[in-house]
Amino acid sequence: MCFTLFGLGGGASGARGLGAAFMPEQHVSLRCFGLDEHQQQLYNFGETVSIVFWTDTWKPESFFDKITKNKKNGMHTLCLLEIGSLKESFLGQWKLGQWKNGGGGHLIPPVHNIKVKEQSLENLMRGKKIYEPPRYMRVNEAAEQLLAIVQNRRREGEEAEVTEDTICVGLARVGAVDQKIVSGTLQEMTTAELGGPLHSMIITGILHPLEIEMLKLFTAKSPI
């Protein structure tokens, strides 16, 4: 006997409690799929932010203010990490049939097929169509930049809401059969190895007891 239920799987803990076998078939949106996959409650999320690669002359921190605002309100923050300019989107490749069948009804997104066309500032100013190699921000790189901002704010006399000990969640290749999820402190995220792209990260606010229990399944080192 089997049942098909609609909604967020993380919100339906009955199957787990009864020890019943189940298999979630998730939504294509990272906000629904990714957040549900590690069992954090969707309604506890604040504004989503994007984290971009810093350069020697450009180190934006504006997104950190939004994370701080979410944190003060007890909300989690979904951080989307830079992947450059997409020539072909995930959805476009899906329509072209370029997603692979990973078995068990799971589709593997063609990460290796993502085309990134990004020019250096010098080549852009000179009008040269020379493109840089593809690059994808990883969780540990995002964590390092966030820690640098925390240190900058402290030097300015501000004690940031986010610290080295803030619990975070790193996600990689969400939706693929080889997806990886790791939870730990922001400091621990700097050494987390989640493998190939695409990566995203969650900075937690006030954690519900059920969220804490689920995050313990993915802990990197320290107990939550």
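Is Glu47 buried, exposed or partly exposed, and at what relative accessibility? Glu47 counts as partly exposed, at 42% relative accessibility. Here buried means under 20% relative accessible area, exposed means over 50%, and partly exposed lies in between (1.4 Å probe, protein chains only).

Residues are numbered from 1 along each chain as its sequence is written. The model is predicted: local features need pLDDT of at least 70, side-chain atom pairs count only at pLDDT 80 or more, and totals for chains, interfaces and linings use all residues, while side-chain values use heavy atoms, without hydrogens or water.

**Exercise 1. Find the salt-bridge partner of Glu47 and place both residues.**

Step 1. Apply the cut-off: a salt bridge is a side-chain nitrogen of Lys or Arg within 4 Å of a carboxyl oxygen of Asp or Glu.

Step 2. Glu47 pairs with Lys66. Their closest N and O atoms are 3.4 Å apart.

Step 3. Glu47 sits in the loop between α2 (30-37) and β1, and Lys66 in helix α3, so the pair ties together parts 19 residues apart in sequence. Helices (H or I, at least four residues) and strands (E, at least two) are DSSP runs, numbered from the N terminus.

Step 4. Check Lys66. It is partly exposed, with a relative accessible area of 39%.

**Exercise 2. Work out which face of α3 is buried and what covers it.**

Step 1. Helix α3 spans residues 62-72. Its buried residues are Phe63, Phe64, Ile67, Thr68, Asn70 and Lys71.

Step 2. Look down the axis of α3. The buried residues fall within an arc of 160°, so they line one face of the helix. The arc is taken from the directions from the helix axis to the C-beta atoms.

Step 3. Recall the general geometry. An α-helix has 3.6 residues a turn, so residues three or four places apart point the same way.

Step 4. Turn to the face away from the buried side. Ser62, Lys69 and Lys72 are exposed there.

Step 5. Name the packing partners. The buried residues of α3 pack against β1 (49-51), β2 (77-81), α6 (139-155) and β9 (199-203). Contact means heavy atoms within 4.5 Å.

Step 6. Go past the end of the helix. Just after α3, Gly74 takes a positive phi of about 80°.

**Exercise 3. Describe the surroundings of Ile67.**

Step 1. Ile67 belongs to helix α3. At 1% relative accessibility, it counts as buried.

Step 2. List its contacts, leaving out residues up to four places away in sequence. Ile67 touches Val49, Thr77, Cys79, Leu146, Val162 and Ile203.

Step 3. Compare chain position with space. Ile67 and Thr48 are 19 residues apart along the chain, and their C-alpha atoms are separated by 8.4 Å.

**Exercise 4. Trace the salt bridge between α3 and α6, then look at the other pairs.**

Step 1. Asp65 forms a salt bridge with Arg153, with closest N and O atoms 3.1 Å apart.

Step 2. Arg153 lies in helix α6 and Asp65 in helix α3, so this bridge ties together parts 88 residues apart in sequence.

Step 3. Compare accessibility. Arg153 is buried at 8%, whereas Asp65 is partly exposed at 43%.

Step 4. Extend the network. Glu61, Asp65, Arg153 and Glu158 are linked by salt bridges.

Step 5. Add another pair. Asp178 and Arg173 meet at 3.2 Å, N to O. Asp178 is partly exposed at 42%, and Arg173 is buried at 14%.

Step 6. Give the total. The whole structure holds 9 salt bridges.
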